[in-house]
Each structure stands twice: as structure tokens, then as C-alpha cells.
Amino acid sequence: MRFTSLIVELIRARPRLMFWVVVLFQAALWLIVPLMLYRGPPGDVATVLAFGREYQVGTDLGPPLAFWLADIAFRATGSHIVGVYLLAQLCFIVTFNALYLLGRAIVGGPQAVIAVLLTLTVTAFSSPGIAFGPEVLARPLFALVLLHGWQAIGLGRRSAWFALSIEAGLLLLTTVNAPWLLLLPLAFGLFTARGRRNLASFDPLLALLVIVALVLPWSIWVMRAGFRVLPELPRLNDPAAVATAWGWQIAGLLLAMTGIVVLTVLNWGRVARQSDDAPIVFRAPVDALARGYVFFFALAPALIGSLAAALYGRDQAVGGAGIALLMSGLAVVVATGDLVHLRHQLLLRKVWAFAVVAPALAVVASTLFLPWLGGGEQSTALPASAIGKFFGESFERRTNRPLQAVAGDPQLAALIGMSASRPHLLLDGGAARTPWITPEQFSASGGVVVWRAADTIGTPPEDIARRFPDLVPEVPRAFERLVSGRQPLLRIGWAIVRPKAP
């Protein structure tokens with residue numbers, strides 16, 4: 001008598017329900033973990049909020065959409081970081097919903113759920129997805145571009161062009177990597193007969209007009225500021241070093257796909273011999289163009305993004321691993337065949353659950369135990385709320401005014417920028433990096449200058465002392481981390497620049 005687990009039956013009979021169960025579970029997991037363990041925002045979230053608070057059309061960090069949305073979410077939840085976490089998980093849900101709809105159009109609902117289950121094990125969609133920014137916002141927009149790009153180019157649906165134009169315009173307002181990402185669907189359409197036929201109409205021209213209208217303010221800022229959208233051509237002084245770096249980039253992407261690789265190997269017919277009793281998930285034969293579409297977008301973003309990262313010396317694939325590996329699960333499902341045998345159901349379920357939960361366990365372990373091993377400082381261990389409250393109240397008690405600006409150490413200053421008064425952030429470079437406030441305006445309105453204290457006196461570093469020659473340092477303030485371990489207390493040196501009388 002054959003045994004089929006309830007999960008397999010749900011995949012075959014209720015794929016949409018199964019999709020929402022696993023995706024909402026993942027979203028809830030990565031909403032609860034940071035709220036329980038993080039005392040400070042992860043990654044560059046504090047800087048994103050500081051730039052978003054100013055509502056600039058453009059900055060040296062790129063297009064403005066991600067920064068604006070982060071500030072809106074932060075204000076909507078009463079200046080609490082939970083709004084940004086919710087926004088990040090909303091991006092995650094939209095990304096996988098678009099991936100599921102694309103998979104359902106190509107391989108059917110049941111196998112589309114299998115593709116989603118595989119893609120959920122990619123580590124780029126776990127803890128890195130919490131740090132909301134341009135890369136995180138680009139994921140749902142690129143997933144929607146792939147969905148409506150297939151509908152417009154592959155299926156010839158004219159109604160998809162309008163949605164595609166909106167998504168392409170928003171993607172251009174999100175990341176500087178948008179131009180080469182948008183060239184990929186265009187290249188696929190031009191190199192296929194059906195794609196050329198569907199591109200030969202007025203709909204792409206109308207879509208182009210919508211895109212131009214959306215990005216016009218950003219384009220005007222780029223022309224006025226002289227900002228380079230396209231990077232300079234790299235210099236191949238050492239091709240061997242570039243090849244080595246590219247190899248490491250590919251290895252990093254493969255490491256992020258460990259869950260997919262392990263699950264695929266465990267379900268491989270030559271490894272799992274019990275194929276006669278294995279339940280089968282059936283699909284109709286996949287169209288040849290659809291097969292090429294899936295494989296093209298499973299390989300092109302990863303290869304091009306990793307090569308660009310190697311050429312320009314970046315740590316990860318240009319566009320992020322979340323975009324490079326977005327189609328990896330669907331590509332495995334398409335390559336498997338019309339019949340997907342689910343061998344060793346219990347083992348596959350346990351391995352999948354471990355692959356999904358393991359990043360959360362790693363976050364818990366690194367938060368609780370890494371400080372005792374003498375590891376480096378974690379940004380999420382910094383008490384952002386206590387730091388912002390202390391310096392905001394100290395400035396207000398001294399001057400009888402709310403804190404207007406903060407400068408000094410970029411990380412600490414950005415954390416103070418999240419406090420109740422939402423002070424302006426002044427970074428090195430003045431008008432170039434933070435055009436909303438200049439050093440002269442900072443001296444006039446007053447503010448707080450902070451740095452990491454190396455002694456109990458609070459002597460400022462040379463660069464800060466040179467920028468602010470009249471500083472009178474206060475006694476450094478010590479803050480406790482969530483888990484101090486072997487690390488010393490966080491000592492912050494500070495000084496108040498009093499506002500000038502009108």
C-alpha cells in the first residue's frame with residue numbers, strides 16, 4: 001500500500017494553499033527573529049532611513065524609491081523599525097507570488113509550488129532579506145518584470161505591457177543596476193522569433209513612454225548633478241585575478257544554493273532507488289520557448305552579475321544574489337521533466353525544513369554566542385533606541401531645542417538619526433554626500449557630534465577634530481549590548497555644537 005504524505009497531497013490538490021502556507025511561514029519567521037534579537041537595525045537600514053527622511057530626488061546612493069518607502073514605513077508605525085521589517089517581508093511575499101504565477105503559467109500549479117519550495121532554501125531570501133534597501137526592493141520588481149515579460153513576449157498578451165512598463169519604471173527608480181536587468185528580457189525577445197513578432201507592435205512604444213514619464217525627475221537630477229549611471233569600463237590589468245575572483249563569485253552563488261543542490265541529489269533516481277512507490281507530480285509538456293526563457297533567466301543574471309562583480313571588485317554579484325538566483329528553483333523543476341518523483345518524502349521534508357530554519361538558528365547562535373568567542377561587533381547588537389534617546393534628550397536639555405542634526409561616526413550618527421526628533425545626518429563630503437545640510441548650516445542650527453571613544457576622556461579622532469576644531473568633548477557615554485561577552489562596553493564620545501543665536 002503506497003504512502004503519500006499530506007504535504008504531497010496538498011501540493012497536488014491545493015497548490016495555491018500550500019504556497020501561502022510556506023511563504024507566510026517564512027515571512028513570519030523573519031519578522032519575529034529580528035524583533036526578538038536585534039537591538040539595532042541590520043545592514044545599512046539606518047543609513048537608508050537617514051537618506052529617506054530627506055526625500056531627495058537622487059543622491060550618490062542611487063535612485064530614491066527604496067529610501068522613500070523605508071521612511072514612509074518607518075513613520076507609519078510610529079517611528080518603529082517594525083515598519084521597515086514589515087516592508088521587507090512584503091517585498092519577499094510579492095517576489096514569491098510573482099515567481100509562483102510565472103511557474104504556474106509554465107509548469108502548472110503543483111510543480112510551481114515545488115519550484116517555490118526549492119527557491120525558499122536559497123540563503124539570499126533569509127536573513128539578508130531583512131535589511132531593506134534598493135537590492136531588497138529590486139527583487140519583487142524584477143520578479144514582476146519576468147512574469148509580465150513572459151506574458152507580453154512569450155504569450156503575446158497586450159494587457160501585460162502596461163504592467164510591465166510600470167514595473168520597469170519603478171525598477172529604474174530603485175537601483176542603478178536596473179538598465180542591464182531590463183536589457184535581458186529585451187535581448188531574449190529580440191533573439192527569438194515569437195518574441196520579435198510580439199515586439200513588433202505599438203504596445204512596446206507606449207510602454208516606453210510610460211517608463212520615460214516615471215523616470216523623468218530622476219533623469220533630470222542625473223543630468224544636473226553629473227551622476228554616472230553607467231560605470232566606467234573596467235581595466236583588465238590582471239586577467240588571472242579577475243578569473244579567480246569570478247570563480248569565487250560563482251562558488252558563493254553555488255553555496256547559497258546548497259539547499260537546492262542537496263534536495264535535488266536526495267531526490268535523484270540514481271541515489272534514491274525506491275522510485276516505484278514514489279508519488280508523482282505531473283505537468284503538461286513545457287513549451288520550448290518557455291523552457292528557454294526559464295534557463296536564460298536562471299543563468300544570465302547569475303553569470304553576468306558575478307562577472308561584473310569580479311571586474312569591479314565587489315563582494316557579491318551585481319544586483320544581489322536574490323536576483324541572480326531567483327529562477328534557480330524553477331529551472332531545476334523544468335529540467336527534471338514532466339513527471340517529478342518525490343522520493344523519500346519524510347527525508348525531503350526534514351531536509352527542507354532544516355534548510356529554511358537553519359539561517360534563523362545561525363542568527364540566534366551568532367547573536368548569543370559569537371560575543372563570547374571574541375568575534376567582531378555586530379551592528380544588530382548596538383542599542384539603537386537607547387543611543388538615540390540619550391543624545392536627543394541631552395541636546396534638548398542643554399539647548400531647549402530638539403536635536404536638528406548629527407555628525408561624526410557614520411554608523412553611530414545614522415542610529416541617532418532614527419530617534420524621535422529625526423535629526424539630519426551630516427556625512428563627510430558635505431554637500432556632495434548629504435546635500436540637505438552643509439557644515440555651515442550644521443554650525444548654525446547646532447547638533448551632536450559622536451565618535452567611538454578610545455579612552456575615558458573622550459578625545460575625538462583626528463579627522464573629526466579637524467572638521468570641528470572648536471569641539472568641547474563631554475564625558476563618554478557607555479552603552480551595554482544585548483550580549484556583551486568578551487567585548488568591552490560601547491563607549492561613545494560626544495560633543496554638542498550649540499546653535500548660534502539668530
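How many salt bridges does a search of the whole structure find? The search finds 9. Hello everyone, and before I go on, please keep in mind that this is a predicted model. I'll take you through a few of those salt bridges, then some aromatic pairs, and then two places where helices pack.

Let's start with charges. Side chains of opposite charge can pair when their charged atoms come close. My favourite example here is Asp71 with Arg422, whose side chains form a salt bridge at 3.0 Å, N to O. Where do Asp71 and Arg422 sit in the chain? Asp71 belongs to helix 4, residues 65-76, while Arg422 is in the loop between helix 19 (410-416) and strand 4 (424-426). That puts the two residues 351 residues apart, so this salt bridge links distant parts of the chain. Are they buried or exposed? Both Asp71 and Arg422 are buried. There is also a third partner to look for: Arg75 joins Asp71 and Arg422 in a network of salt bridges.

Now move your view to Asp287 and Arg194. Their side chains also meet in a salt bridge, with 3.0 Å from N to O. Asp287 is in the loop between strand 1 (280-282) and helix 14, and Arg194 is in helix 10 (residues 193-199), so this pair ties together parts that are 93 residues apart in sequence. As for the surroundings, Asp287 is partly exposed, with a relative accessible area of 36%. Arg194 is partly exposed as well, at 25%.

One more salt bridge before we leave the charges. Arg53 and Glu54 meet through their side chains at 3.7 Å, N to O. Is Glu54 buried or exposed? With a relative accessible area of 12%, Glu54 falls under the 20% cut-off, so it counts as buried.

Right beside that pair in the numbering comes Tyr55, and I'd like to stay there for a moment. Tyr55 lies in the loop between helix 3 (45-52) and helix 4. Its phi is positive, about 55°, although Tyr55 is not a glycine. Its relative accessibility is 36%, which makes it partly exposed. Ser79 is another residue to look at for its backbone: phi is near 55°, a positive value in a residue other than glycine. You will find Ser79 in the loop between helix 4 and helix 5, and at 33% relative accessibility Ser79 counts as partly exposed.

On to the rings. A pair of aromatic rings is described by the distance of the centres and the angle of the planes. How many aromatic pairs does the structure hold? There are 20. Take Phe19 and Tyr100: the ring centres are 4.9 Å apart and the planes are at 20°, so this pair is stacked. Phe19 comes from helix 2 and Tyr100 from helix 5, so the pair ties together parts that are 81 residues apart in sequence. Phe19 and Tyr100 are both buried.

Tyr55 comes back here too, since it forms an aromatic pair with Trp68. This pair is tilted, with 6.3 Å centre to centre and 35° between the planes. Tyr55 is in the loop between helix 3 and helix 4, and Trp68 is in helix 4, so the pair ties together parts that are 13 residues apart in sequence. Trp68 is partly exposed, at 29% relative accessibility. If you'd like to see a cluster, look for Trp150, Phe188, Tyr293, Phe296 and Phe297, which are linked by ring pairs.

Finally, the helices. Helix 1 (residues 6-13) and helix 2 (residues 15-37) pack at about 120°, with axes 5 Å apart. The two helices are therefore oblique to each other. Which residues make the contact? From helix 1 come Ile7, Leu10, Ile11, Arg12 and Ala13, and from helix 2 come Pro15, Leu17 and Met18. By class, that contact has 7 nonpolar residues, no polar ones and 1 charged.

Our last stop is helix 16, residues 328-336. Ser328, Gly329, Leu330, Ala331, Val333 and Val334 are buried there. What covers them? The cover includes helix 5 (82-107), helix 6 (109-120), helix 13 (258-266) and helix 14 (288-312). Just after helix 16 comes Gly337, with a positive phi of about 125°.

That's my tour. Thank you for listening!

Terms used
Residues numbered from 1 in each chain as written. Predicted model: local features only at pLDDT ≥ 70, side-chain atom pairs only at ≥ 80, totals over all residues. Heavy atoms only, no water. Axes fitted to C-alpha atoms, helices over the stretch in contact; angles between N-to-C directions. Helix = DSSP H or I, 4+ residues; strand = E, 2+ residues; numbered from the N terminus. Parallel < 35°, antiparallel > 145°, perpendicular 65-115°, else oblique. Contact = heavy atoms within 4.5 Å. Nonpolar A, V, L, I, M, F, W, Y, C, P; charged D, E, K, R; others polar. Buried < 20%, exposed > 50% of the residue type's maximum accessible area, 1.4 Å probe, protein only. Salt bridge = Lys/Arg side-chain N within 4 Å of Asp/Glu carboxyl O. Phe/Tyr/Trp six-rings, centres within 6.5 Å; stacked < 30°, edge-to-face > 60°.
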